[in-house]
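Dear colleague,

Please find below the structure that I am handing over to you, together with its sequence. My findings follow directly after it.

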Amino acid sequence: MGFLVDLPKEGGFGVVGGCFKSLVRRKQVDSELSKANSHHQLAKELSVAHLIAIGVGSTIGAGVYILVGTVAREHAGPALTISFLIAGIAAALSAFCYAELASRCPSAGSAYHYSYICVGEGVAWLIGWALILEYTIGGSAVARGISPNLALLFGGQDSLPVFLARQHIPGLDIVVDPCAAFLVFIVTGLLCVGIKESILVQAIVTTVNMCSLVFVIIAGTYLGFKTGWAGYGLPTGYFAFGVDGMLAGSATVFFAYIGFDSVASTAEEVKNPQRDLPMGIGLSLSICCSLYMLVSVVIVGLVPYYSMDPDTPISSAFAEHGMHWAAYIITAGAVMALCSTLMGSLLPQPRILMAMARDGLLPSFFSEVNRSTQVPIKSTLTTGVGAAILAFCMEVDELAGMVSVGTLLAFTMVAISVLILRYVPPDEVPVPSSLQDRIDSMSLQYSASSKDIKSDRSEVSACTSSTLPLLGKKKATVEYSKLVKQVAKGNYFLKEKRRKIAGWTIAFTCIGAFILTYAATDLSLPRPFRFTLCGVGGLLLLFGLGVLTCIEQDDARHSFGHSGGFICPFVPLLPIICILINLYLLVNLGGVTWARVSIWLLIGMVVYALYGRRHSTLVDAVYVPAAHANEIYSSCRDNLA
């Protein structure tokens, strides 16, 4: 099945076919051999401790200081702790998928990179484009939330200096926030200094935040035992809103866990990615879940859930017991949490821009890495300027839902990528057309060796004779691929049949999950039609799970990417549950959010059609069997040596 990826020919179906090929073409996992000639390498400076600082700092933001009150009052009641636990387990499913792909494909780009390898260029572009929106809006929203909390530390909303305080511009009817923009510029400058230095600062800020939460847990536990845990002695019981309310609370607090994908974005800068990345993701998620649960246990026990202040639930809980001074410690923790989250929001985006530029989908300007700091400074500055402008002049609260779209799309595609990796890993990978001579040479060598192996000399001779005149031409790759497959002709057809069944099953499973979640969510549908859709979606989902459980996983999964890393357990069940959860949350984000996101994705499609598709590094790539790609790179390196 060897084929070439060229620019589409003019006219008719040639253009349509060329466009489709560009959408489904997949790149190779970056290896030491394939990156040997690259000059865009990041510094390998990060250890498990650094990754935990990134994960915890990006995850525990101001949400814990606000969500506790809102979710307890409106959804979960005293059962808020169980809501955090269920949401943590749901997030762990995505974390398992991320851990395997991050250790197998340890390059910058996170979900964009994995989608490009496993699904195709079109989906990868949309994921990368959505993540750009997520991190820009997320960083801007966090920055605008810092100045009010910072003002509280100095005595009130009007206590900041005039040049930092928020100002209303009557003519434009906007509220500008110089403090937010200033903080974005500070963090951007820090990220430009170096990855190790910036993560050290983030670790210090995160430690202060964690100390604040530990204070809440210890002091709150003391007050609880002293006052008799009034919040747990209510006549409504532990499940004040029932199990449905508890589950609704889980769906809300799930978004308090979505910071661990920042860990995966730094994969290329990790010293030992196969060991450290899974540990960093797992430990950071475990720490966050433990802190969330302990804080919720204390707060919902100190104050009845219906009496909680939705804006400052923790401070008001302590104030109600006479500890007004505790508000300063809690506010300081909130400020530190926001600063850490701001760093976690601005850190991944330059690396995604760099990864997309490396692949030719964005201008090479974004892929340049500074030689002294080994940081993509140009991408970092672009990210910082964009986030600072947005934080300065826009109220981004209304756009906050768009942040969740990027994250949930990424989570969904990562889970799908794990299924593809296990059942239909790429059997052909691209190599640069500059290596065509070496590919042709190997094609002839393989033709000669196959004559001795294959009993039917006539078939091999026919293919060999068709290869000889093509020396130096790209079509030689086609014959090379055919020859490789003919050596194991009997196993090949059986393998291809299994791969087709697995591929279609994965597709039907995803369709079934979407139909089920959409029908279960849209209450406006007529009940008979709604129940019919639920039945169809459920049957497709169960059918896919059954088929994937029965058929064998592809043997090529063992040699896919870098070996020796984390292996996601309970495949295919775990990724399918992950897909179902994320699609359910995506469908529930609302029509207004999806309308805004659709505009951004439409702009992205135009950018890809006009630039990315034509400048992709895979435009002139030559596809060869995956098993021989490293051999080609190795032989070229030996020749250069």
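D427 counts as partly exposed in this predicted model, because its relative accessibility is 21% and the buried class ends under 20%. R499, in contrast, has a relative accessibility of 10% and therefore counts as buried. The side chains of these two residues, D427 and R499, form a salt bridge with an N to O distance of 3.9 Å. This pair joins distant parts of the chain, 72 residues apart: D427 sits in the loop between α16 (400-423) and β3 (428-431), while R499 belongs to helix α20 (residues 489-521).

R499 has a further salt-bridge partner in D554, with 3.3 Å between the closest N and O atoms. R499 lies in helix α20 and D554 in the loop between α21 (527-550) and α22 (573-587), so this salt bridge ties together parts that are 55 residues apart in sequence. Both R499 and D554 are buried. Taken as a group, D427, R498, R499 and D554 are linked in a network of salt bridges.

Helix α20 also holds T505. With a relative accessibility of 4%, T505 counts as buried, because the class covers values under 20%. A polar atom of the T505 side chain lies 2.6 Å from the backbone oxygen of I501. Once neighbours within four places in sequence are set aside, the residues in contact with T505 are G544, V547 and L548. For one of these, G544, the C-alpha atom is separated from that of T505 by 5.4 Å, although the two residues are 39 residues apart along the chain.

Which other pair deserves a mention among the salt bridges, of which the structure holds 13? The side chains of E269 and R351 meet in one, at an N to O distance of 2.8 Å. E269 is located in the loop between α10 (261-265) and α11 (273-302), and R351 in helix α14 (residues 348-358); the pair thus links distant parts of the chain, 82 residues apart. Both E269 and R351 are buried.

In summary, I would direct your attention to two places in the model: the network of salt bridges that links D427, R498, R499 and D554, and the salt bridge between E269 and R351.

With kind regards

Notes:
Residues numbered from 1 in each chain as written. Predicted model: local features only at pLDDT ≥ 70, side-chain atom pairs only at ≥ 80, totals over all residues. Heavy atoms only, no water. Salt bridge = Lys/Arg side-chain N within 4 Å of Asp/Glu carboxyl O. Helix = DSSP H or I, 4+ residues; strand = E, 2+ residues; numbered from the N terminus. Buried < 20%, exposed > 50% of the residue type's maximum accessible area, 1.4 Å probe, protein only. Contact = heavy atoms within 4.5 Å. Polar contact = N/O pair within 3.5 Å; in protein donor to acceptor, adjacent residues only side chain to side chain.
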